[in-house]
Amino acid sequence: MDTSTWIATLSFLVALLAAIYARWASFEAKRSNDLAFHTNKIEIYKEFLVLKYAILQREENISYEDTKKFYFSHLYSEFFFFFQTHNKIKQYFDTCFDIAGKPIDASWLDELKKKEKELVAEVEQMIKRELKIAVKRRNWLV
């Protein structure tokens, strides 16, 4: 073997190692992005639980102060959850916001409370389902 063959072989091996490293770096970057995405979903879920328990504790005495804690989270859910889940989260926030408005008509308030009770279970189930899917996928990658 002459010198040019050795240099070509060495270059090929270096290129192969660079490709393997690039593949590994890409895989790690994807895992990191998935983890950050999942963390944001968990934060939205925590804010949802804060609102849910504020409604449970105060019911008729809920104020805009309680609902505003979830305002940005319900907006950000558009970027982290599926379209159907985001729409349910938005409906739940809007219902809670309306309850905080303390409408004069008691029948309308009862209707809003009933809608809130239906939505809270559905929203929680949808969020948990998406979080479990993400955890299963992440565990598969590890």
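Visitor: Which helix do both Asp94 and Lys90 lie in?
Guide: Good place to start, and please keep in mind that this is a predicted model, where local features need pLDDT of at least 70, side-chain atom pairs count only at pLDDT 80 or more, and totals for chains, interfaces and linings use all residues. Residues are numbered from 1 along each chain as its sequence is written, and side-chain values use heavy atoms, with hydrogens and water left out. Helices are DSSP runs (H or I, at least four residues; strands are E, at least two), numbered from the N terminus. Asp94 and Lys90 are four residues apart, about one turn, and both belong to helix 4.

Visitor: What is the N to O distance between the side chains of Asp94 and Lys90?
Guide: Their side chains meet in a salt bridge, that is, a side-chain nitrogen of Lys or Arg within 4 Å of a carboxyl oxygen of Asp or Glu. For Asp94 and Lys90, N to O comes to 3.1 Å.

Visitor: Does Asp94 count as buried, partly exposed or exposed?
Guide: Buried means under 20% relative accessible area, exposed over 50%, and partly exposed in between (1.4 Å probe, protein chains only). Lys90, at 35%, falls in the middle class. Because Asp94 has a relative accessibility of 30%, it counts as partly exposed.

Visitor: How many salt bridges does the count come to by this rule?
Guide: Another of them joins Glu124 to Lys128, with the closest N and O atoms 3.8 Å apart. The same cut-off applies throughout, and the count comes to eight.

Visitor: Which residue is linked with Glu124 and Lys128 in a network of salt bridges?
Guide: Glu124 and Lys128 both lie in helix 5, four residues apart. Glu124 is buried, because its relative accessible area is 13%, while Lys128 is partly exposed at 37%. The residue that shares their network is Lys52.

Visitor: In helix 1, about how many helical turns separate Asp34 and Lys30?
Guide: This pair also forms a salt bridge, the closest N and O atoms being 3.4 Å apart. Asp34 counts as buried at 16% relative accessibility, whereas Lys30 counts as partly exposed at 46%. Because Asp34 and Lys30 are four residues apart in helix 1, the separation is about one helical turn.

Visitor: What span does helix 1 reach from its first C-alpha to its last?
Guide: Helix 1 has 56 residues. The expected span of a helix is 1.5 Å times one less than its number of residues. The expectation for helix 1 is 82 Å, and the model comes close to it with 82 Å.

Visitor: Which residue with positive phi follows helix 1?
Guide: The largest nonpolar core draws on this helix, which spans 3-58. The residue that follows helix 1 has a phi near 40°, and it is Glu59.

Visitor: How many residues does the largest nonpolar core have?
Guide: A nonpolar core is a set of buried Ala, Val, Leu, Ile, Met, Phe, Trp, Tyr and Cys residues joined through side-chain atoms within 4.5 Å. In this core, Phe48, Leu51, Ile62, Tyr92 and Ile127 have the most contacts, and the total is 24 residues. The elements that give two or more residues to this core are helix 1 (3-58), helix 4 (83-100) and helix 5 (106-141). So the size of the core is 24 residues.

Visitor: Leaving aside neighbours within four places in sequence, which Lys is Tyr92 in contact with?
Guide: Contact means heavy atoms within 4.5 Å. Tyr92 is one of the buried residues of helix 4. Its partners include Phe48, Leu51, Glu116 and Val120, and the lysine among them is Lys52.

Visitor: What is the relative accessibility of Lys41?
Guide: Lys41 lies in helix 1. Beyond its neighbours within four places in sequence, it is in contact with Phe80, Phe81, Glu130 and Leu131. Lys41 counts as buried because its relative accessibility is 7%.

Visitor: Does Leu17 count as buried or exposed?
Guide: Leu17 lies in helix 1. Because its relative accessibility is 58%, Leu17 counts as exposed.

Visitor: What percentage of the 142 residues in the protein chain do buried residues make up?
Guide: The secondary structure comes to five helices and zero strands. Of the contacts with a separation of 6 or more, 69% are between residues 24 or more positions apart. Within the chain of 142 residues, the buried share is 31%.
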